[in-house]
Amino acid sequence: MAIDWMHFTPWSALAGGALIGVAAGVFALFNGRIAGISGILGGLLRPAMGDAGWRAAFLLGLVAAPWVYGLVATMPVLQIDAGFAGLVAAGLLVGIGTRYGAGCTSGHGVCGIARLSPRSMVATLCFMGTGFLTVFVLRHLLGS
Amino acid sequence: MSIFSALLAGLIFGLGLIVSGMANPAKVLDFLDLAGRWDPSLALVMAGAVGVAFPAFRLAARRQRSLLGTPMHLPTARGIDRRLVTGSLLFGAGWGLAGFCPAPALVALGMAEAKALVFVLAMVAGMGIFNLLEARP
């Protein structure tokens with residue numbers, strides 16, 4: 001392993017992470033809920049009574065973040081290397097997996113670990129593990 | 001009010017993803033590439049987020065109702081079962097495939113990235129497939 005010092009951005013990572021922590025904290029204290037994006041989105045597909053409004057509002061805030069960011073700073077350029085088939089396969093795996101596993105990077109990774117939930121720690125180790133493995137296979141065994 | 005605080009939380013969450021660089025799949029994949037030139041940034045995003053959220057969840061766990069008076073809906077599940085593990089393993093494989101997890105994909109969708117739209121549609125389809133599998137007797 002060699003650390004990529006060129007692209008390592010410790011301060012913006014910590015600052016951005018702190019903002020994510022603020023968002024999760026606000027949501028827990030004011031709404032009494034976990035800021036788990038897969039759960040919020042998944043629940044919107046079969047909303048219970050009176051349950052759709054806050055879900056849609058949270059997701060709207062997420063989608064609108066680049067517009068707000070663009071008012072004060074230049075938007076970073078995204079690099080999305082996956083092709084069409086890769087994106088579809090990835091989306092299906094993420095959609096099914098996050099619902100079966102009841103959470104993703106936000107719900108288990110951020111909120112769950114912050115709650116010291118053993119369940120979420122196991123989930124995080126699992127998805128980190130296959131994340132590392134998948135990139136290893138793609139980049140170093142298949143050489144894409 | 002709870003709609004407004006949800007909107008605000010989503011907005012701050014999205015801004016955090018942009019500031020941290022995690023809205024960019026290439027940066028996420030550089031974190032997941034342990035055997036290559038490793039970018040540890042994502043670990044610090046997690047550390048920053050968990051560090052700030054930790055006291056908030058400590059306070060939230062002690063409350064019967066939220067600050068807006070709504071019922072608390074914090075998770076009560078404790079079991080570590082096959083569903084949790086299998087689902088998380090599948091999710092990680094998809095995450096490593098494109099570098100997108102749900103929140104960054106939605107932020108990228110807001111940036112009108114066509115590829116993010118493809119991913120999000122497939123993700124929603126995956127969630128729909130899960131619902132169908134769950135509904136089976």
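Tutor: Read along its sequence, chain A follows the pattern β-α-α-α-α-α-α, and this is a predicted model, which should be kept in mind throughout.

Student: How many helices and strands does that make in chain A?

Tutor: Chain A has six helices and one strand, and its C-alpha trace spans about 50 × 40 × 35 Å along the principal axes. Of the 144 residues of this chain, 52% count as buried.

Student: What makes the strand of chain A a partner of a strand in chain B?

Tutor: Two strands pair if at least two bridges are found between them; strand E1 of chain A and strand E1 of chain B, residues 37-38, have two bridges in the parallel sense, so the requirement is met. Within this pairing, A:Ala2 has B:Arg37 as its bridge partner.

Student: Why is the link between B:Arg37 and A:Asp4 called a salt bridge?

Tutor: The term asks for a side-chain nitrogen of Lys or Arg within 4 Å of a carboxyl oxygen of Asp or Glu. The side chains of B:Arg37 and A:Asp4 meet at 3.7 Å, N to O, and therefore the pair satisfies the cut-off. It is one of three salt bridges counted between chain A and chain B.

Student: Is A:Asp4 buried or exposed, and how do you know that?

Tutor: Buried means under 20% relative accessible area, and A:Asp4 has 4%, so the residue counts as buried. A:Asp4 is placed in the loop between E1 and H1 of chain A, and, leaving aside its neighbours within four places in sequence, it is in contact with B:Arg37, B:Trp38 and B:Asp39.

Student: And what class does B:Arg37 fall into?

Tutor: Exposed means over 50%, and B:Arg37 has 51% relative accessibility, so this residue counts as exposed.

Student: What makes A:Arg33 and A:Asp51 a salt bridge, and where do the two residues lie?

Tutor: Their side chains meet at 3.7 Å, N to O, which is within the 4 Å that the rule allows. A:Arg33 is in the loop between H1 and H2 of chain A, and A:Asp51 is in the loop between H2 and H3, 18 residues apart. A:Arg33, at 18% relative accessibility, counts as buried, and A:Asp51, at 13%, is buried too. Together with A:Arg55, A:Arg33 and A:Asp51 are linked in a network of salt bridges.

Student: Why is B:Glu134 called partly exposed?

Tutor: Partly exposed covers what lies between under 20% and over 50%; B:Glu134 has 35%, so it belongs there, and B:Arg83, at 38%, also counts as partly exposed. The side chains of B:Glu134 and B:Arg83 meet in a salt bridge of 3.4 Å, N to O; B:Glu134 lies in helix H6 of chain B and B:Arg83 in helix H4, so the pair ties together parts that are 51 residues apart in sequence.

Student: What area is buried between chain A and chain B?

Tutor: The area is about 9800 Å², of which carbon and sulfur atoms give 77%, and the contact takes 107 residues from chain A and 104 residues from chain B. A:Leu29, A:Tyr100 and A:Arg119 supply 8% of the area that chain A buries against chain B, more than any other three residues.

Notes. Residues numbered from 1 in each chain as written. Chains lettered and ligands numbered in written order. Predicted model: local features only at pLDDT ≥ 70, side-chain atom pairs only at ≥ 80, totals over all residues. Heavy atoms only, no water. Contact = heavy atoms within 4.5 Å. Buried area = accessible area lost by both parts, 1.4 Å probe. Helix = DSSP H or I, 4+ residues; strand = E, 2+ residues; numbered from the N terminus. Buried < 20%, exposed > 50% of the residue type's maximum accessible area, 1.4 Å probe, protein only.
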